[in-house]
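I opened this entry to record what I looked up in the structure, residue by residue. The notes are grouped by topic.

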Amino acid sequence: MRLVILGGSGSGKSTQAQRLCRYFEIPLISTGEILREAISGDKLLPEFQWSEADPRTSLSVYASLSELGYHARPYVEKGELVPDEMIIELIQIRLRQPDINCDWVLEGYPRTAFQAEELDFLLDNLGQKLDWAIYLQVPEAVMVSRSLGRSLPDDQPEIVQRRVELFYDRTIPILEYYDRRRCLLTINGDQSPEMVLQNILTLLSVP
């Protein structure tokens, strides 16, 4: 099962991605989480820890993540989208890590139609194919209030508003992209997390 979770800031993407990973027992790839770790520079995520089996690969990943965090920080602090080439490199690194086989949930990417296309090219190279793109549809006011209710350092009012504007401006075309490929599932995200998950599983035809 290979899934992409789409939605604006505060739509519940992270919550549902984590629940789906637990349900299917597959890895979560969260670009937001990896970016925050790379920017903080405190530590690497477990999936990027040093590997004795292939230290050269791990060293390369470490350097890439450190550099990515340095260059991505100004964009994240302003609520802007991190440039495509940075995020695409991050996804390429992550999908080639040893804990990723053929099943995963991707959250926080793609955020532009160009990224969606690049993801398809990357998956083709890896011999994989996306099963479904799940869009959590939530009213703008709900996205803003949910985001402001979190305690993340980049959830300031002006930054949240900017992220919501960017979502409608750049992310909506992704829905058209996946709809044309007949792999888009639209879910009402303005419900309890339990109900949202049940609706997702129903559309995935999971008992």
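**Backbone entries**

I began with glutamate 25, which I found in the loop between α1 (13-24) and β2 (28-30). The model I am reading is a predicted one. Glutamate 25 is not a glycine, yet I noted a positive phi of about 55 degrees for it. I then asked whether glutamate 25 is buried or exposed. Its relative accessible area is 73%, so I entered glutamate 25 as exposed, the cut-off being over 50%.

I turned next to arginine 182, which has its place in the loop between α7 (157-180) and β5 (184-188). Arginine 182 also has a positive phi, of about 55 degrees, although it is not a glycine. I recorded a relative accessible area of 75% for arginine 182, which is exposed.

My last backbone entry concerns proline 110, in the loop between β3 and α5 (113-125). Which form does the peptide bond from tyrosine 109 to proline 110 take? I recorded this bond as cis, with omega near 0 degrees.

**Glutamate 107**

I located glutamate 107 in strand β3, which covers residues 104-107. I then looked for a salt bridge and found that glutamate 107 has none, although it is buried. Which side chain of opposite charge is nearest to glutamate 107? It is lysine 13, at 4.5 Å. A salt bridge requires a side-chain nitrogen within 4 Å of a carboxyl oxygen, so I did not enter this pair as one.

I also listed the contacts of glutamate 107, leaving out residues up to four places away in sequence. Lysine 13 is among them, and I wrote down Ile5, Ser14, Ala17 and Leu28 as well. The list further includes Ile29, Ser30 and Thr31.

**Aromatic rings**

How many aromatic pairs does the structure hold? I noted 4. I examined the pair of tyrosine 23 and phenylalanine 24, whose ring centres lie 5.1 Å apart. Their planes stand at 80 degrees, so I classed the pair as edge-to-face, for which the angle must be over 60. Tyrosine 23 is partly exposed, with a relative accessible area of 39%. Phenylalanine 24 is likewise partly exposed, and I recorded 21% for its relative accessible area.

I entered Tyr135, Phe167 and Tyr168 together, as they form one aromatic cluster. Finally, I looked up what sits over the ring of tyrosine 177. I found the charged end of arginine 181 there, 3.6 Å from the ring centre.

Definitions and conventions:
Residues are numbered from 1 along each chain as its sequence is written. This is a predicted model: local features need pLDDT of at least 70, side-chain atom pairs count only at pLDDT 80 or more; totals for chains, interfaces and linings use all residues. Side-chain values use heavy atoms; hydrogens and water are left out. Helices (H or I, at least four residues) and strands (E, at least two) are DSSP runs, numbered from the N terminus. Buried means under 20% relative accessible area, exposed over 50%, partly exposed in between (1.4 Å probe, protein chains only). Lys and Arg count as positive and Asp and Glu as negative; His and the chain ends are not counted. Contact means heavy atoms within 4.5 Å. Rings of Phe, Tyr and Trp (its six-membered ring) pair if their centres lie within 6.5 Å; planes under 30 degrees apart count as stacked, over 60 as edge-to-face and the rest as tilted. A charge sits over a ring if NZ of Lys or CZ of Arg is within 6 Å of the ring centre and within 35 degrees of the ring normal.
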